[in-house]
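Trainee: Got a minute to go through a model with me? I'd like to start broad and then poke at a few residues.

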Amino acid sequence: MTFSPLFSAPWPIQVHACAALALIPLTIALFTLVRGNRLHRILGWAWVLLMACVALSSFWIQEIQLIGGFSPIHLLSLVTLVSLVVAVSAARGKRRGRHRRVMTWLTYGSLTAAGVFTLLPGRLMHAVVFGL
């Protein structure tokens, strides 16, 4: 593992990757700690802000340009931003089931699935993790 490809990448990629990497331990904590208490809410807000940072920073990453300067991953970023609003609104409205469903989708659909794609050969995080 070597972080040199990440450190030499443009700033939007560095922000995007660092926020995404910070989400990993935070997600584990949120899934293992008691839900609904003050700590959950504090960590949850941190998670939402980091996830929004990941989604927003993606718009400045345009290495794959299929539709103008954008790619299908940018559609996922839009869906993620809307889903964050829905999840927070559900939590604030005491609709715990909806909050849980949307946050679970965000974790597995946006964070995990997109994260797996970053490990494909030729991608920056592949070079970071596998040192190639």
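Mentor: Sure, we'll take the overall fold and then some helices and single residues. Keep in mind that this is a predicted model.

Trainee: Okay, how many helices and strands are in the protein chain?

Mentor: The count is 6 helices and 0 strands. Read from the N terminus, the order is α-α-α-α-α-α.

Trainee: And what are the dimensions of the C-alpha trace along its principal axes?

Mentor: About 45 × 35 × 20 Å. The radius of gyration is 16 Å, and a compact globule with 132 residues would be near 14 Å, so the two agree.

Trainee: What share of the 132 residues is buried?

Mentor: Buried residues come to 33%. On the outside, the chain exposes about 8,300 Å², with carbon and sulfur atoms supplying 71% of that area.

Trainee: What about contacts between residues at least 6 apart in sequence: what percentage join residues at least 24 apart?

Mentor: That's 57% of them.

Trainee: Let's switch to α2. Where is its kink?

Mentor: At I24, shortly before the proline P25, and the kink is about 30°. The end-to-end span still works out: 22 residues at 1.5 Å each should give 32 Å, and the end C-alpha atoms of α2 are 32 Å apart, so that agrees.

Trainee: Which residues of α2 are buried, and what do they pack against?

Mentor: The buried ones are P12, I13, A17, A19, L23, L26, T27 and L30. They pack against α1 (4-7), α3, α5 and α6 (124-130).

Trainee: Now α5. What's the kink there, and which residue is at its centre?

Mentor: It's about 25°, centred on L106. Helix α5 covers residues 96-117, and its 22 residues should span 32 Å; the end C-alpha atoms are 30 Å apart, so expected and modelled spans agree.

Trainee: Which of its residues are buried?

Mentor: V102, M103, L106, T107, S110, L111 and A114. So the residue at the kink centre, L106, is on the buried list too.

Trainee: What covers them?

Mentor: The cover includes α2 (11-32), α3 (38-57) and α4 (72-92).

Trainee: Let's look at α4, then. Is L84 buried or exposed?

Mentor: L84 sits in helix α4, and its relative accessibility is 4%, so it counts as buried, the cut-off being under 20%. Leaving aside neighbours within four places in sequence, L84 is in contact with W47, V48, M51, A52 and L106.

Trainee: How far is L84 from M103, in sequence and in space?

Mentor: They're 19 residues apart along the sequence and 7.8 Å apart in space, C-alpha to C-alpha.

Trainee: What about H74: which backbone oxygen lies 2.8 Å from a polar atom of its side chain?

Mentor: The backbone oxygen of S58. H74 is in helix α4, and at 3% relative accessibility it counts as buried.

Trainee: And S57, which element is that in?

Mentor: Helix α3. S57 has 7% relative accessibility, so it counts as buried.

Trainee: What does the S57 side chain make a polar contact with?

Mentor: With the side chain of H16, at 2.9 Å. Not counting residues up to four places away in sequence, S57 touches P12, V15 and H16. P12 is also one of the buried residues of α2.

Trainee: Moving along, where's F59?

Mentor: In the loop between α3 and α4. Its relative accessibility is 21%, so F59 counts as partly exposed: buried would need a value under 20%.

Trainee: How far apart are the C-alpha atoms of F59 and A19?

Mentor: They're separated by 14 Å, with their positions 40 residues apart along the chain.

Trainee: Last one. What's the phi of K94?

Mentor: K94 has a positive phi of about 60° although it is not a glycine. It lies in the loop between α4 and α5.

Trainee: Is K94 buried or exposed?

Mentor: Exposed: K94 has 62% relative accessibility, and the cut-off is over 50%, so that label follows.

Definitions and conventions: Residues numbered from 1 in each chain as written. Predicted model: local features only at pLDDT ≥ 70, side-chain atom pairs only at ≥ 80, totals over all residues. Heavy atoms only, no water. Helix = DSSP H or I, 4+ residues; strand = E, 2+ residues; numbered from the N terminus. Expected span 1.5 Å × (residues − 1). Bend = angle between axes of the 7 residues up to and from the residue. Buried < 20%, exposed > 50% of the residue type's maximum accessible area, 1.4 Å probe, protein only. Contact = heavy atoms within 4.5 Å. Polar contact = N/O pair within 3.5 Å; in protein donor to acceptor, adjacent residues only side chain to side chain. Rg over C-alpha atoms; globule rule 2.2 N^0.38 Å. Areas by Shrake-Rupley, 256 points an atom, 1.4 Å probe, with all protein chains shown as cover.
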